[in-house]
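Biologist: Could you take a close look at one part of this model with me? I would like to start from a single side-chain pairing and then see what lies around it.

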Amino acid sequence: MEISGCRVLITGSAKRVGKVIALELARLGAAVILHAFKSNEAAAAAASEIEALTSCRPLVLSGDISQRETWTAMDSEIEKHYGGLDVWVHNASVFAATPFFSVSDREWQHFMDVNLKGAFFGAQVFGGEMKKKGRGKIIAIGDVAGELIWPSYIPYSVSRAGMHALMKGLARLLAPDVQVNVIAPGPVLLPENTDDAERQRILETIPLSRIGEPEDVAKAVSFLMSNDFVTGQVLRVDGGRSL
Ligand SMILES: NC(=O)c1ccc[n+]([C@@H]2O[C@H](COP(=O)([O-])OP(=O)(O)OC[C@H]3O[C@@H](n4cnc5c(N)ncnc54)[C@H](OP(=O)(O)O)[C@@H]3O)[C@@H](O)[C@H]2O)c1
């Protein structure tokens, strides 16, 4: 697929990795659509940055992805403004360490609702539209934790494993019209409260000897957008951490 001119929604794109993906795709000529949940001011600022780069202000959508209605509302807005979607980059998620024996019902449900149910209903809406139109790509940003299951992050890791499984199933269901892949980053942008000792500890686990950068993920997104013979894959962008 030609990146230039294609209509692409990036969920969770007000800041951090999602914003970098949006800026990179805008730079490559895609018509990007931003989405935020709580960071609406940051999303407006990201839209201004993209406008300055491309002379075109992107649509900014908002909503809680764990609610099915958010997806149908986003779909109608996209249809109204752009006449459809070529690529859905599903980047939004929740992430936190959770000591296994004290995980509450509410915490468990929150990971499943946002990270798994959200992706499922998004796939129903956008996967269905793409199948009908006979073309499209879905690129979900997962996590190597979904393959390796970090013991201090079991609810998060399980929600990511479920999302990876969902995308592999979709790749078969939606073939040959739609390609569906997962990018599984390792550490590319540490949580803001990470201290130096923790940063060093993480660094020592990465064979390529650096924390990744959001741009490493953005480049993997543009690779999957422009390659039409890859589907059902989990592409690890983790500096070899999972080896
Ligand atoms: N950062 C890393 O090193 C790393 C490593 C491995 C995997 N990943 C994956 O890469 C992706 C991006 O990473 P990140 O660190 O940039 O992510 P992040 O900052 O933790 O979250 C991205 C966005 O998700 C949105 N979000 C959270 N709950 C939501 C909900 N209920 N409805 C709608 N949106 C919701 C938030 O939007 P608002 O701010 O607007 O509320 C947030 O800005 C994530 O899927 C993450 O799991 C990241």
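Which residue forms a salt bridge with R210, and how far apart are the closest N and O atoms?

Modeller: Happy to! Please keep in mind that this is a predicted model. The partner of R210 is D216, and their closest N and O atoms are 3.0 Å apart. The same approach also appears as a polar contact between the side chain of D216 and the side chain of R210, at 3.0 Å.

Let's stay with D216 for a moment. This residue lies in helix 8, and its side chain has a second partner, since it reaches the backbone nitrogen of E213 at 2.7 Å. So the side chain of D216 can be followed to the side chain of R210 and to the backbone of E213. The two ends of the salt bridge fall into separate accessibility classes. D216 counts as buried because its relative accessibility is 19%, which is under the 20% cut-off. R210 counts as partly exposed, because its relative accessibility is 41%, a value in between the limits of 20% and 50%.

Helix 8 also helps to place another pair. K137 and D228 meet through their side chains in a salt bridge, at 2.7 Å from N to O. This pair links distant parts of the chain: K137 is in strand 5 (residues 136-141), while D228 is in the loop between helix 8 (214-226) and strand 7 (234-237), and the two are 91 residues apart. Here the Lys is the buried partner, because K137 has a relative accessibility of 2%. D228, in contrast, is partly exposed, with a relative accessible area of 46%.

For a pair within one element, have a look at K133 and E129. Their side chains meet in a salt bridge with an N to O distance of 3.9 Å, which is within the 4 Å cut-off. Both belong to helix 4 (residues 105-133), and because they are 4 residues apart there, about one helical turn separates them. K133 is partly exposed, with a relative accessible area of 42%.

These pairs belong to a wider set, as a search of the whole structure finds 14 salt bridges. Salt bridges also join into a network that links R7, D86 and R135.

You may also want to see the ligand while you have the model open. It is surrounded by 27 residues, and the closest are F37, S39, N91, R160 and V188. Helix 1 (16-27), strand 2 (31-36) and helix 6 (154-174) each supply at least two residues of this shell. Some polar approaches to ligand oxygen atoms can be listed one by one. A polar side-chain atom of S39 lies 2.5 Å from an oxygen atom of the ligand. A polar backbone atom of K38 is 2.8 Å from a ligand oxygen, and for a polar backbone atom of N91 the distance to a ligand oxygen is 2.7 Å. Taken alone, the ligand exposes 890 Å², and the protein buries 89% of that. The space it takes is the largest pocket.

Helix 6 offers one last stop, A165. This residue is partly exposed, with a relative accessibility of 48%. A165 and I138 are 27 residues apart in sequence, and their C-alpha atoms are 14 Å apart in space.

Terms used: Residues numbered from 1 in each chain as written. Predicted model: local features only at pLDDT ≥ 70, side-chain atom pairs only at ≥ 80, totals over all residues. Heavy atoms only, no water. Buried < 20%, exposed > 50% of the residue type's maximum accessible area, 1.4 Å probe, protein only. Near = heavy atom within 4 Å. Polar contact = N/O pair within 3.5 Å; in protein donor to acceptor, adjacent residues only side chain to side chain. Areas by Shrake-Rupley, 256 points an atom, 1.4 Å probe, with all protein chains shown as cover. 1 Å grid on protein atoms, 1.4 Å probe; cavity = no way out; pocket = protein on both sides within 12 Å on 5 of 7 lines; lining within 4 Å. Sits in = over half its atoms within 2 Å of the grid points.
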